[in-house]
Amino acid sequence: MASILASSKDDESVKKEDLELVHLEEQELSQRKSGNESPVYDIDEAHQKRVIRRVDLRLLPILGIMYSISLIDRTNLGLAFVAGMEEDLELDIGNRYTIVVMVFFVAYIIFEIPSNFILPRAGAANWLAFLGLSFGVILIGMGFTKSWTTMVACRVLLGCTYLITCWYTRFEVGKRLATFWLVSVVLNAFAAIFAYALTLLDGTYGLNGWRWIFIVEGAITSGICLIGWFIIIDFPTQADTFLKPEEKQFIIARINNDSGDAEEDPITMERVLHHLKDWKLYVWAFNLMASTLPGYAYSYFKTVILMGMGFSNTQSQLLSAPPYIIAALFTYLGGWFTDKYQIRGPVIVIHQLLTALMGGASGARYFGIFMGVGFLQFCIPGVLAFQANNITSHSKRGVASATCLIGGGLGGIIASVAFKSDESPHYTTGIWVTFGFSMASIFLTLMMDFYFWKTNKKARETNGQIEGMTGWYYTL
């Protein structure tokens with residue numbers, strides 16, 4: 001009898017200890033989420049830095065190059081236009097060039113959400129490689145088009161920041177997205193020079209120079225994307241071949257401690273529709289639209305503007321490069337600053353304001369193009385980081401990324417319509433439309449920042465939840 005009582009007492013003691021342990025674990029988790037205690041990982045700080053550097057080297061260069069190549073491919077139309085495509089395809093008749101520019105963005109918008117819906121199912125490496133390879137093949141086809149209607153059909157068919165936001169904490173994203181975008185900015189600086197070099201192949205195999213721009217760049221795109229298929233790792237939870245178990249767990253734990261969404265939640269139609277009810281997604285989409293509008297305008301029309309200023313075809317192509325050098329500097333500094341001081345909105349506002357003032361005040365002058373491109377380029381990764389910092393689940397991150405990029409596509413459509421051929425080289429309508437959208441975007445950013453500030457203040461005072469998390473706060 002005594003032994004039975006002793007055994008029962010021991011069981012009760014074990015249960016009590018177990019309950020206390022569970023309570024301590026829950027308390028520790030709560031403290032970590034609320035930021036009251038620095039999280040503790042299984043690997044030391046030096047090892048942590050090495051792991052993050054490995055992730056950087058594995059993802060950023062290839063994603064940056066793949067996106068840069070796709071961006072160059074999307075915007076090389078202006079370079080081909082002044083290299084002889086206008087005459088060969090009779091794009092000077094009516095609004096043919098505007099239509100060729102615009103149709104790409106229609107398909108881009110239609111397929112953006114379905115594409116992000118497929119991405120986690122197919123796997124980022126598989127899906128991005130497939131899209132990139134298809135992109136390259138279509139570009140090669142564009143080099144053999146014989147009429148402007150065929151060119152329109154190819155542009156309709158052309159239609160990775162989401163992945164980056166899944167691997168880093170909130171205040172690492174800004175610098176990484178800036179670096180990612182920096183690669184595209186730098187390559188854009190040399191895209192015009194490269195396009196000019198390709199036009200020197202004029203007459204080779206009976207093809208005009210502008211055709212070689214599409215053929216060679218399409219072949220490069222296909223090759224780069226095939227390489228990307230072997231390098232890209234989809235998500236931290238699938239990094240078994242890339243990281244050791246303790247390193248993989250460190251990446252997952254640090255993201256969970258920061259935003260609680262390292263593991264993927266399934267993307268279903270019900271969740272997509274639920275996420276689409278969030279008004280903030282549409283503000284970010286508008287902000288990206290206001291940022292891409294001048295960006296696409298510069299890409300498609302700056303060579304035309306420069307020719308209207310009296311420069312030759314060759315000079316126009318070569319003068320397109322220098323503005324992107326200063327843009328690269330501004331972009332990286334902006335990303336570094338916003339991560340260090342954990343602030344997004346106000347810095348975006350400053351860059352948008354300076355972009356609008358440079359474009360509006362300088363008209364078609366080269367200095368306006370130079371500084372406008374310089375200040376503009378940070379806005380796109382800045383808006384994407386702003387959006388990514390304030391999202392807390394994989395499914396919502398995918399939907400938010402898609403809606404944001406749809407806004408970017410709308411910016412391309414507006415740019416192609418607002419910058420009218422008959423207003424070349426001053427494009428008065430386009431400049432004022434751009435200025436108006438920039439002012440509206442600035443107002444919406446400040447309004448949302450005020451909302452975030454009030455919500456954070458209330459949550460701190462009441463220890464309440466934001467986005468379903470205690471101790472998690474919006475990034476201003």
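Here is a short chat between a student and a tutor about a predicted protein model.

Student: Let's start with the big picture. How many helices and strands does the protein have?
Tutor: Since this is a predicted model, we're reading its secondary structure from the predicted atoms. The tally for the protein is 19 helices and 2 strands.

Student: What share of the residues is buried?
Tutor: A residue counts as buried when its relative accessible area is under 20%. The protein has 476 residues, and the buried share of them is 54%.

Student: And the surface, how much of it belongs to carbon and sulfur atoms?
Tutor: The accessible surface adds up to about 20,800 Å². The part belonging to carbon and sulfur atoms is 64%.

Student: On to the rings. How many aromatic pairs are there?
Tutor: Two rings pair up if their centres lie within 6.5 Å. Going by that rule, the count is 14 aromatic pairs.

Student: Take phenylalanine 330 and phenylalanine 375. Is the pair stacked or edge-to-face?
Tutor: A pair of aromatic rings is described by the distance of the centres and the angle of the planes. Here the centres are 5.0 Å apart and the planes sit at 20 degrees. Planes under 30 degrees apart count as stacked, so this pair is stacked.

Student: Which helices does that pair link?
Tutor: The two residues are 45 residues apart, so to speak, in distant parts of the chain. Both phenylalanine 330 and phenylalanine 375 are buried. Phenylalanine 330 belongs to helix H14 (residues 323–340), and phenylalanine 375 to helix H16 (residues 366–376).

Student: What about phenylalanine 337 and tyrosine 341, what kind of pair do they form?
Tutor: Their centres are 4.8 Å apart, with 45 degrees between the planes. That angle is neither under 30 nor over 60 degrees, so the pair is tilted.

Student: Is tyrosine 341 buried or partly exposed?
Tutor: Partly exposed covers the range between 20% and 50%. Its partner phenylalanine 337, at 36%, is partly exposed. Tyrosine 341 has 48% relative accessibility, so this residue is partly exposed.

Student: Which residue has its charged end over the ring of tyrosine 341?
Tutor: To sit over a ring, the charge has to be within 6 Å of the ring centre, among other conditions. The charged end here is 5.7 Å from the centre, and it belongs to lysine 340.

Student: Last one: is serine 222 buried or exposed?
Tutor: Serine 222 is in helix H9 (residues 209–231). It touches Leu133, Gly136 and Val137, leaving aside residues up to four places away in sequence. With a relative accessible area of 10%, serine 222 is buried.

Methods:
Residues numbered from 1 in each chain as written. Predicted model: local features only at pLDDT ≥ 70, side-chain atom pairs only at ≥ 80, totals over all residues. Heavy atoms only, no water. Phe/Tyr/Trp six-rings, centres within 6.5 Å; stacked < 30°, edge-to-face > 60°. Helix = DSSP H or I, 4+ residues; strand = E, 2+ residues; numbered from the N terminus. Buried < 20%, exposed > 50% of the residue type's maximum accessible area, 1.4 Å probe, protein only. Lys NZ or Arg CZ within 6 Å of the ring centre and 35° of its normal. Contact = heavy atoms within 4.5 Å. Areas by Shrake-Rupley, 256 points an atom, 1.4 Å probe, with all protein chains shown as cover.
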